[in-house]
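Below are my notes on the model you sent, set out as numbered points. They start with the accessibility classes, then turn to the fold and the side chains.

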Amino acid sequence: VQLVLTAMDSLKRQLARERAAVVTVREEARQSDETAQRALKMLQEMRSESTELQHRLSTMEQEGATSQKMLREQERALYLSRRAHQTTALCIGQSLAQLEDTFSRQLR
């Protein structure tokens with residue numbers, strides 16, 4: 001009887017140790033799950049931010065391309081305007097030269 005009681009006590013202690021180990025393993029598993037959930041949430045946030053940044057970059061690139069196109073168009077318009085002014089100035093100069101010749105002839 002004493003031997004059986006000793007064996008039962010030993011088995012009870014072993015069962016208590018195993019139950020404690022199970023509790024520890026469960027706690028570690030719960031902590032691992034929480035860590036994994038936090039990591040997943042951070043990854044999702046990073047993906048969301050990455051998508052937003054890519055969209056902003058794309059928008060800025062489009063705006064930059066549009067600005068460059070507008071600048072080229074303005075430069076072209078300015079160039080054409082300068083050429084028109086130069087042509088007009090040349091015509092005015094030629095007209096003045098002809099008038100001077102005409103007046104010069106009339107004065108002689």
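1. A residue is called buried under 20% relative accessible area, exposed over 50%, and partly exposed in between. R30 has a relative accessible area of 37%, so R30 falls in the partly exposed class. The model is a predicted one, and every value below is computed from it.

2. Secondary structure. The protein chain has one helix and zero strands. Its radius of gyration is 46 Å, whereas the globule rule gives 13 Å for 108 residues; the chain is therefore more spread out than a compact globule. Helix α1 covers residues 2–107.

3. Dimensions. Along the principal axes, the C-alpha atoms fill a box of roughly 155 × 15 × 10 Å.

4. Burial and surface. What share of the 108 residues in the protein chain is buried? The figure is 0%. The accessible surface of the chain is about 10,400 Å², and carbon and sulfur atoms account for 58% of that surface.

5. Charge distribution. The chain carries 17 positive and 15 negative charges. The mean positions of these two sets lie 2 Å apart.

6. Salt bridges. The count comes to two. In one of them R30 pairs with E27, with the closest N and O atoms 2.3 Å apart. These two residues are three apart in helix α1, about one turn of the helix. E27 is partly exposed because its relative accessibility is 32%, a value that lies between the 20% and 50% limits.

7. The other pairing. R30 also forms a salt bridge with E34, and here the closest N and O atoms are 2.3 Å apart. Both residues belong to helix α1 and are separated by four residues, again about one turn of the helix. E34 has a relative accessible area of 36%, so it too is classed as partly exposed. Through shared partners, the salt bridges link E27, R30 and E34 into one network.

8. Nonpolar patch. Which residues make the nonpolar surface patch of about 410 Å²? They are V1, V4, L5 and M8. Of these, L5 is located in helix α1. L5 is partly exposed because its relative accessible area is 46%.

9. Distances from the patch residues. Two C-alpha separations can be set beside the patch. E18 and V1 are 17 residues apart in sequence and 25 Å apart in space. Q31 and V4 are 27 residues apart along the chain, with 40 Å between their C-alpha atoms.

10. The residues at the far end of those pairs. E18 lies in helix α1 and has 42% relative accessibility, so E18 counts as partly exposed. Q31 is likewise found in helix α1. With a relative accessible area of 41%, Q31 is partly exposed.

11. Points to check on the display. Where does the salt-bridge network sit? Its members are E27, R30 and E34, and R30 is placed in helix α1 with E27 and with E34. For the overall outline, the box of roughly 155 × 15 × 10 Å can be viewed together with the radius of gyration of 46 Å.

Conventions: Residues are numbered from 1 along each chain as its sequence is written. This is a predicted model: local features need pLDDT of at least 70, side-chain atom pairs count only at pLDDT 80 or more; totals for chains, interfaces and linings use all residues. Side-chain values use heavy atoms; hydrogens and water are left out. The radius of gyration is taken over C-alpha atoms; the globule rule is 2.2 Å times the number of residues to the power 0.38. Buried means under 20% relative accessible area, exposed over 50%, partly exposed in between (1.4 Å probe, protein chains only). Accessible areas come from the Shrake-Rupley method with a 1.4 Å probe; for residues, only the protein chains shown count as cover. Lys and Arg count as positive and Asp and Glu as negative; His and the chain ends are not counted. The place of a charge is taken as NZ of Lys, CZ of Arg, CG of Asp or CD of Glu. Patches are made of residues with over 30% relative accessible area and no salt bridge: like charges are joined within 9 Å, nonpolar side chains (Val, Leu, Ile, Met, Phe, Trp, Tyr) within 5 Å. A salt bridge is a side-chain nitrogen of Lys or Arg within 4 Å of a carboxyl oxygen of Asp or Glu.
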